[in-house]
Amino acid sequence: MMVTIVKLLIVIITTLSVNSMDTYKSIEANTEKTEFYVSSYLIKNPRENAFQILYNKCNVCHHKRNKRDVFTLQNMDTWANDIEKQVFIKKRMPKGKIITLTSNEYQELLTWISSTKTSTNGI
């Protein structure tokens with residue numbers, strides 16, 4: 001998560017410094033340009049998006065009930081097959097009715113899982 005924040009800050013600072021060279025541009029234009037870069041970065045990185053979902057939706061319970069299986073950026077790829085099995089095949093996770101995944105979150109997890117399988121198998 002810290003890496004994501006640092007990258008986001010670099011994008012924002014770079015965008016603002018490039019735009020500040022043109023003194024005729026308004027602050028509003030700088031904000032719009034920054035939002036474009038931020039959203040395009042989030043779309044391009046399925047692993048980071050998947051981690052945000054795992055962190056916000058899964059680690060809430062895993063931290064309380066199963067501390068050995070808390071997801072981090074370092075270990076999440078090793079759990080990809082188990083996540084696919086529990087979320088998509090057996091439909092056991094997330095448990096309960098309070099925490100649910102949106103269709104967009106399901107799609108982002110699938111994108112990450114398929115990219116993990118591709119990079120692991122070398123296909």
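**Pocket lining**

I sorted the lining of the largest pocket by class and got 11 nonpolar, three polar and five charged residues. The model is a predicted one, and I read every entry here with that in mind. The lining has 19 residues in total, and Cys58, His62, Phe71, Gln86 and Met93 lie nearest the centre of the pocket. I then asked which helices supply the lining. H3 and H4 each give at least two residues, and H3 has the largest share, with six. For the volume of this pocket I noted about 400 Å³.

**Overall layout**

I counted the secondary structure next. The chain has five helices and zero strands, which reads along the sequence as α-α-α-α-α. I checked burial over the 123 residues, and 28% count as buried. I also looked at contacts with a separation of 6 or more; residues 24 or more positions apart account for 55% of them.

**Nonpolar core**

I looked up the largest nonpolar core, which has 16 residues. Which of its members touch the most others? They are Leu54, Met76, Ile83, Leu109 and Trp112. Helix H3 (46-65), helix H4 (80-89) and helix H5 (103-121) each bring at least two residues to this core. H3 supplies the largest share here, five residues.

I took Ile83 from that list and searched for its partners, setting aside neighbours within four places in sequence. Ile83 is in contact with Leu54, Phe71, Phe88, Trp112 and Ile113. Trp112 and Leu54 are thus both partners of Ile83 and, like Ile83, among the core members with the most touches.

I listed the buried residues of H4 as well: Ala80, Ile83, Glu84, Gln86, Val87 and Phe88. Gln86 from this list is also one of the residues nearest the pocket centre.

**Aromatic pairs**

I searched the whole structure for aromatic pairs and found three. I wrote down two of them in detail.

Phe71 and Trp79 have ring centres 6.3 Å apart and planes at 85 degrees, so I entered the pair as edge-to-face. Is Phe71 buried or exposed? Phe71 counts as buried because its relative accessibility is 6%, under the 20% cut-off. Trp79 has a relative accessible area of 23%, so Trp79 is partly exposed.

For Phe88 and Tyr106 the ring centres are 5.7 Å apart and the planes stand at 65 degrees, so this pair is edge-to-face too. The two rings link distant parts of the chain, with Phe88 in helix H4, Tyr106 in helix H5 and their positions 18 residues apart. I noted that Phe88 has 19% relative accessibility, so Phe88 still counts as buried, since the limit is under 20%. Tyr106 is partly exposed, at 30%.

**Pro46**

I located Pro46 in helix H3. Its relative accessibility is 24%, so I put Pro46 down as partly exposed. What does Pro46 contact, leaving aside neighbours within four places in sequence? I found Thr111 and Trp112. I also looked up the C-alpha separation of Pro46 and Gln107, which is 9.9 Å for residues 61 apart along the chain.

**Leu73**

I placed Leu73 in the loop between H3 and H4. Leu73 counts as buried because its relative accessibility is 14%. With neighbours within four places in sequence left aside, Leu73 is in contact with Met1, Arg47 and Phe51. For Phe51, one of these partners, I noted a C-alpha separation from Leu73 of 6.6 Å, at 22 residues apart along the chain.

**Loop between H4 and H5**

I finished with the backbone of this loop. Most residues other than glycine have a negative phi, and most peptide bonds are trans. I looked for departures from both.

Lys91 follows H4 and lies in the loop between H4 and H5. Its phi is near 55 degrees, a positive value in a residue other than glycine. Lys91 has 66% relative accessibility, so I entered Lys91 as exposed.

Where is the cis peptide bond that I noted? The bond runs from Met93 to Pro94, with omega near -10 degrees. Pro94 is in the loop between H4 and H5. Met93, on the other side of that bond, is also among the residues nearest the centre of the largest pocket.

Technical notes
Residues numbered from 1 in each chain as written. Predicted model: local features only at pLDDT ≥ 70, side-chain atom pairs only at ≥ 80, totals over all residues. Heavy atoms only, no water. Core = buried A, V, L, I, M, F, W, Y, C linked by side-chain atoms within 4.5 Å. Buried < 20%, exposed > 50% of the residue type's maximum accessible area, 1.4 Å probe, protein only. Helix = DSSP H or I, 4+ residues; strand = E, 2+ residues; numbered from the N terminus. Contact = heavy atoms within 4.5 Å. Phe/Tyr/Trp six-rings, centres within 6.5 Å; stacked < 30°, edge-to-face > 60°. 1 Å grid on protein atoms, 1.4 Å probe; cavity = no way out; pocket = protein on both sides within 12 Å on 5 of 7 lines; lining within 4 Å. Points joined across faces, edges and corners; volume = space filled by probe spheres on them. Nonpolar A, V, L, I, M, F, W, Y, C, P; charged D, E, K, R; others polar.
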